[in-house]
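This briefing introduces a protein to a reader who has not met it before. Please view the sequence and the structure first, and then read the points below.

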Amino acid sequence: MRIDESIKALLKLDDGVLMRGAFYILLSAAVVFLLIDVRDITAMNAELPSYDPMHGDQPVLPPALTDGVPNAPPVQPASSKETLRQPIRFELTSGGVLLAEGSIDPGAADRFAKEIEARGEYVKTVSLNSPGGSVDDALAMSELIREKKLDTKVVSKALCASSCPIVFAGGVGRMAEKDAVIGVHQVFNGGKDRPTAEQAMASAQATTARVARHLDTMGIGAGLWINALETPPDRLYYLTPKEMADFKLTTEPVATAKKKG
């Protein structure tokens, strides 16, 4: 009798009430699974080595992303590890080329802005040789390069990895010479602070959105950032010349394009 009465009571309920009840049950289940996922992500991140080019005990050039044993990068950079680990410095060379060499440390964007303010009328191209570093500074440098309508390039056996391709993307004309080493990977927290799993997830998502929006604004194809998101921070996805062209990371120099037109 009690079972029949319960069934009759359920049948009398409004469809909207049933739908809301089902929704709340599904929502509760989703929250439970999310908490489990956050716990698992926290455990995995605790075991995952991070990559920070400023740290002397970590490789300046992480191995390539592979399914098996990590492979070496396609080309070894010409610059020494000690040179690449130093905070980025700027040197104006012949032909209006500003060499930007070293790690993108916090504050690099401010120093770059001062350099452009002091020598901007002479600078035509920013030549990059950097293992990356601060994403915030890389974004600011890239935006200033585009604002000033400068070109960017990575010469043969120079390195542009991690957040450096964000800077590279700012160039109006973007050239990578043969054997230039350009690689991308996920963003990560390189600081000493260790946020909670929820804070780390929120920060990573916000930074990822900022970078994706910036690359889209710069005219770079989405495939570049997808490869970065799929690559752990202790690995690099090394871009081939064809991929750079397909993702529109490289272009013909502006001067060449004008001559053809």
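What share of the contacts in the protein with a separation of 6 or more is accounted for by residues 24 or more positions apart? The share is 67%, where a contact means heavy atoms within 4.5 Å. This is a predicted model, in which local features need pLDDT of at least 70 and side-chain atom pairs count only at pLDDT 80 or more, while totals for chains, interfaces and linings use all residues. Residues are numbered from 1 along each chain as its sequence is written, and side-chain values use heavy atoms, with hydrogens and water left out.

**Overall make-up**
- The protein has 10 helices and eight strands; these are DSSP runs (helices H or I, at least four residues; strands E, at least two), numbered from the N terminus.
- Of the 261 residues, 38% are buried, a term for under 20% relative accessible area, with exposed meaning over 50% and partly exposed in between (1.4 Å probe, protein chains only).
- About 15,200 Å² of the protein is exposed, and 58% of that area comes from carbon and sulfur atoms; the areas come from the Shrake-Rupley method with a 1.4 Å probe.

**Helix H5**
- Helix H5 covers residues 135-147, and its end C-alpha atoms lie 18 Å apart, in agreement with the 18 Å expected for 13 residues at 1.5 Å a residue; the expected span is 1.5 Å times one less than the number of residues.
- Buried residues in H5 include Val 135, Leu 139 and Ile 145.
- Lys 149, just after H5, takes a positive phi of about 60°.

**Arg 174**
- Arg 174 belongs to strand E6 (residues 174-176).
- Arg 174 is buried but has no salt bridge, and the nearest side chain of opposite charge, Asp 151, is 8.0 Å away. Lys and Arg count as positive and Asp and Glu as negative, whereas His and the chain ends are not counted.
- A polar atom of the Arg 174 side chain lies 2.7 Å from the backbone oxygen of Lys 248.

**Salt bridges**
- The structure holds seven salt bridges, each a side-chain nitrogen of Lys or Arg within 4 Å of a carboxyl oxygen of Asp or Glu.
- One of them joins Glu 115 and Arg 119, with the closest N and O atoms 2.8 Å apart.
- Glu 115 and Arg 119 are separated by about one helical turn because they are four residues apart in helix H4 (residues 108-119).
- Glu 115 is buried at 16% relative accessibility, whereas Arg 119 is partly exposed at 38%.
- Another links Lys 178 and Asp 179 (3.6 Å, N to O); Lys 178 is exposed at 66%.

How values were computed
Polar contact = N/O pair within 3.5 Å; in protein donor to acceptor, adjacent residues only side chain to side chain.
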